[in-house]
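Here's a relaxed walk through one protein model, one region at a time. Keep the 3D view open as you read.

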Amino acid sequence: MPAPTLRLRGFDIHKGYLSATDQQALVEALRGVLKAAPLFSPTTRFGKKMSVRMTSAGKYGWYSDGRGYRYEPRHPNGTPWPPIPEEVLAIWRDVTGHDRQPDCCLINFYGEGARMGMHQDRDEADFTWPVLSVSLGDDGLFRIGNEERGGKTESIWLESGDVVLMGGEARLTHHGVDRIRFGSSRLMPKGGRINLTCRVVD
Ligand code: SIN
Ligand code: MN
C-alpha cells in the first residue's frame, strides 16, 4: 500500500500514481469494455439527463433512472457487464490492500461541458469498504465537501494517472466534479475525461 501524496478531508490522493505507459494500457483495456458495454446517458431520479456518460464492468453496474439509484446485474442492452480489467484490479489491490475484488467498476466519461453534482456514494451495502477512483485523460476539478450536505468545500484538480481512495471516516463525504479542462490531455485523441470508481456492492 503506497503512501498518499496528500490527504484532503480524509480522502487519500495519490498524484501521478499511473505512469504514461500504464495509462495507455488502461485506456486500451477499457476500449474492450466499452465495446461490450457501450456508454449511455442515465437520467437522475428527477428525470434529468446526466451530462456524464456511463457504463460499468464487473458483477454489477451502477444505474439510475426515474426509479432511483441502484446496481443492476445487466447493461441496459440486456447483456451482463464485462469483467473488470486486470489492470484495474491490480490498482485496487495495491492502493486498498484488500484481496476481495470490487463488484463494480463504474466508468464515467466526461465530454466537453460535462460535470457531476455533489453527491455521496451510498448505494452499496457496507460502507466499511472504500471506493477507489482512477482519473484518465483531461483534468477534472474535484470538489470535496462534508458528510452532511452543504458547508465549506475544498477542490483539487485531478489529472490523468491520479488515484483517490475514499474510505474510512470519509467514506460518505460529499464530492463532485465542477468542470473539466477539455482537451488538456493527449491521452485520448478526441479529448475527454474518464473516471473509474471501484466499489464493493454486496
Ligand atoms: C464519481 O463520484 O462517481 C466520480 C468522481 C470523479 O469523476 O472524479
Ligand atoms: Mn461518487
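Which residues are around ligand 1? Keep in mind that this is a predicted model. The residues around ligand 1 are Asn108, Tyr110, Met116, His119, Phe142, His175, Val177, Arg193, Asn195 and Arg199. Some of them put a polar side-chain atom by an oxygen atom of the ligand, as the table shows.

| Residue | Distance from a polar side-chain atom to an oxygen atom of ligand 1 |
|---|---|
| Tyrosine 110 | 2.5 Å |
| Histidine 175 | 3.0 Å |
| Asparagine 195 | 3.2 Å |

And how much of ligand 1 does the protein bury? Taken alone, ligand 1 exposes 260 Å², and the protein buries 99% of that.

Arg199, one of the residues around ligand 1, leads us on to glutamate 124. The side chains of arginine 199 and glutamate 124 make a polar contact of 3.3 Å. Another polar contact, of 2.5 Å, links the side chain of glutamate 124 to that of tyrosine 71. Glutamate 124 sits in the loop between strand 7 (116-119) and strand 8 (131-137). Is this glutamate buried or exposed? Glutamate 124 counts as buried because its relative accessibility is 5%, and the cut-off for buried is under 20%. If you skip its neighbours within four places in sequence, glutamate 124 is in contact with Tyr71, Arg171, Arg199, Val200 and Val201.

Now for the nonpolar cores. In soluble globular proteins, nonpolar side chains tend to be buried together. Here, the largest nonpolar core has 26 residues, and Leu26, Ile91, Cys105, Leu132, Leu136, Ile194 and Leu196 are the ones that touch the most other members. Helix 1 (20-36), helix 2 (86-96), strand 6 (104-110), strand 8, strand 11 (163-166) and strand 13 (193-199) each supply at least two residues of this core. Helix 2 gives the most, with five residues. Click on leucine 196 to see some of this packing: not counting residues up to four places away in sequence, leucine 196 touches Leu26, Leu30, Val88, Cys105, Leu106, Ile107, Leu132, Ser133 and Val134. Apart from the largest core lies another, of 25 residues, among them Ile13, Val52, Ile144 and Val177. Val177 also turns up in the list of residues around ligand 1.

What about disulfides? A disulfide is a covalent bond between the sulfur atoms of two cysteines. The count for this model comes to zero. Cysteine 105 is in no disulfide, and the nearest cysteine sulfur, that of cysteine 198, is 4.3 Å away. Cysteine 198 is likewise in no disulfide, with the sulfur of cysteine 105 as its nearest, at 4.3 Å. Cysteine 105 counts as buried because its relative accessibility is 0%, and cysteine 198 is buried too, with a relative accessible area of 0%.

Back to helix 2, where you'll find threonine 96. A polar atom of the threonine 96 side chain lies 2.6 Å from the backbone oxygen of tryptophan 92. The backbone nitrogen of histidine 98 lies 3.0 Å from a polar atom of that side chain. Threonine 96 counts as buried, at 7% relative accessibility. Leaving aside neighbours within four places in sequence, threonine 96 is in contact with Met1, Ile91, Pro130 and Leu165.

One last stop is arginine 9, in the loop between strand 1 (6-8) and strand 2 (11-14). Phi of arginine 9 is near 50 degrees, a positive value in a residue other than glycine. Arginine 9 is partly exposed, with a relative accessible area of 29%.

Key:
Residues numbered from 1 in each chain as written. Chains lettered and ligands numbered in written order. Predicted model: local features only at pLDDT ≥ 70, side-chain atom pairs only at ≥ 80, totals over all residues. Heavy atoms only, no water. Helix = DSSP H or I, 4+ residues; strand = E, 2+ residues; numbered from the N terminus. Buried < 20%, exposed > 50% of the residue type's maximum accessible area, 1.4 Å probe, protein only. Polar contact = N/O pair within 3.5 Å; in protein donor to acceptor, adjacent residues only side chain to side chain. Contact = heavy atoms within 4.5 Å. Disulfide = S-S within 2.5 Å. Core = buried A, V, L, I, M, F, W, Y, C linked by side-chain atoms within 4.5 Å. Near = heavy atom within 4 Å. Areas by Shrake-Rupley, 256 points an atom, 1.4 Å probe, with all protein chains shown as cover.
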